Amino acid sequence: QTICLSPPRPRAALLGLVDVAGGLMGPTLKAEVMLLDPEEPVPRGQPSVPARPTSAPTASAPSSASRARSRSRDKPRLAPETRAKAKAARPKGPPEKRAALTVQGGTDKGMAETVGGSYCTDGSNHGKTVYRRIIPAGSTVLLYYWDHRDGEDGQGWWFGPQIGGEEVWAHNGASAGSLPPMENWTMLHSGEVDPGMMV
């Protein structure tokens with residue numbers, strides 16, 4: 001037999017068990033139950049069975065959309081004038097060119113200062129790449145190729161301030177391959193090959 005307690009009443013519950021199964025418990029156990037302190041009477045109108053507590057709501061994992069909204073709310077917004085200043089601070093113009101080759105001066109110190117440095121690519125001439133010195137910055141120094149259209153003496157790679165110009169500083173007659181030769185450059189002011197000059 002099921003006994004419902006609301007509020008809990010241990011003495012009454014045990015007395016109920018004694019009434020149901022008194023023969024099994026014996027007079028000693030019943031006497032001990034009778035010695036327990038009596039409980040307060042149940043208020044009138046109180047339900048005999050307590051209402052089952054509702055389960056506490058469980059927190060569900062936030063959806064991807066709610067996470068995205070929360071991230072957008074957490075991200076600080078810049079004031080219009082701050083955005084304008086940030087935009088103005090961005091570098092303007094084309095990106096900085098990277099060095100494609102380096103020219104190392106040799107025993108001729110004057111020519112080493114004239115043509116030595118780092119070069120980037122700058123177009124093409126007669127089917128081969130033109131190189132422009134970028135480090136050190138300053139006067140224009142080009143390394144370009146000229147084919148045999150003006151004779152064999154004019155064929156090869158040249159250092160000068162402009163492509164095909166009258167002023168040239170160093171020359172190499174090699175024409176094989178797409179890159180300028182590494183060594184055997186002739187200094188035109190002396191007519192001698194500088195063995196220390198390397199490209």
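# Surface, core and ring pairs

User: What does the accessible surface of the protein chain come to, and what share belongs to carbon and sulfur atoms?

Analyst: About 14,500 Å², with 55% belonging to carbon and sulfur atoms. Keep in mind that this is a predicted model.

User: Noted. What percentage of the residues count as buried?

Analyst: 25% of the 199 residues in the protein chain.

User: How many helices and strands?

Analyst: Four helices and eight strands. Along the sequence, the order is α-α-α-β-α-β-β-β-β-β-β-β.

User: And contacts in the chain with a separation of 6 or more: what share is between residues 24 or more positions apart?

Analyst: That share is 32%.

User: On to the core. How many residues are in the largest nonpolar one, and which touch the most other members?

Analyst: It has 17 residues. Val103, Val115, Tyr119, Leu143, Phe159 and Trp185 touch the most other members.

User: Which elements give two or more residues to this core?

Analyst: One helix and several strands do. The helix is H4 (109-115). The strands are S1 (101-103), S4 (142-146), S5 (156-160) and S7 (185-187).

User: Which other core lies apart from it?

Analyst: A core of five residues. Val130, Leu142, Tyr144 and Trp146 are among them.

User: Back to Phe159. What is Phe159 in contact with, leaving aside neighbours within four places in sequence?

Analyst: The list includes Val103, Val115 and Tyr119. Val141, Leu142 and Leu143 are on it too. So are Val168, Trp169 and Ala170, then Trp185, Met197 and Val199.

User: Is Phe159 buried or exposed?

Analyst: Phe159 counts as buried because its relative accessible area is 0%, and the cut-off for buried is under 20%. Tyr119 is buried as well, at 0% relative accessibility.

User: Rings next. How many aromatic pairs does a search of the whole structure find?

Analyst: Three. Tyr119 and Phe159 form one of them, an edge-to-face pair. The two rings are 6.1 Å apart centre to centre, with 70 degrees between the planes.

User: Where do Tyr119 and Phe159 sit in the chain?

Analyst: Tyr119 is in strand S2 (residues 117-125) and Phe159 is in strand S5. They are 40 residues apart, so the pair links distant parts of the chain.

User: Which residues do ring pairs link into a cluster?

Analyst: Tyr119, Phe159 and Trp185. Those three also appear among the core residues that touch the most other members.

User: Last one. Which ring does the charged end of Lys128 sit over?

Analyst: The ring of Tyr145. The charged end of Lys128 is 4.2 Å from the centre of that ring.

Definitions and conventions: Residues numbered from 1 in each chain as written. Predicted model: local features only at pLDDT ≥ 70, side-chain atom pairs only at ≥ 80, totals over all residues. Heavy atoms only, no water. Core = buried A, V, L, I, M, F, W, Y, C linked by side-chain atoms within 4.5 Å. Buried < 20%, exposed > 50% of the residue type's maximum accessible area, 1.4 Å probe, protein only. Contact = heavy atoms within 4.5 Å. Areas by Shrake-Rupley, 256 points an atom, 1.4 Å probe, with all protein chains shown as cover. Phe/Tyr/Trp six-rings, centres within 6.5 Å; stacked < 30°, edge-to-face > 60°. Lys NZ or Arg CZ within 6 Å of the ring centre and 35° of its normal.
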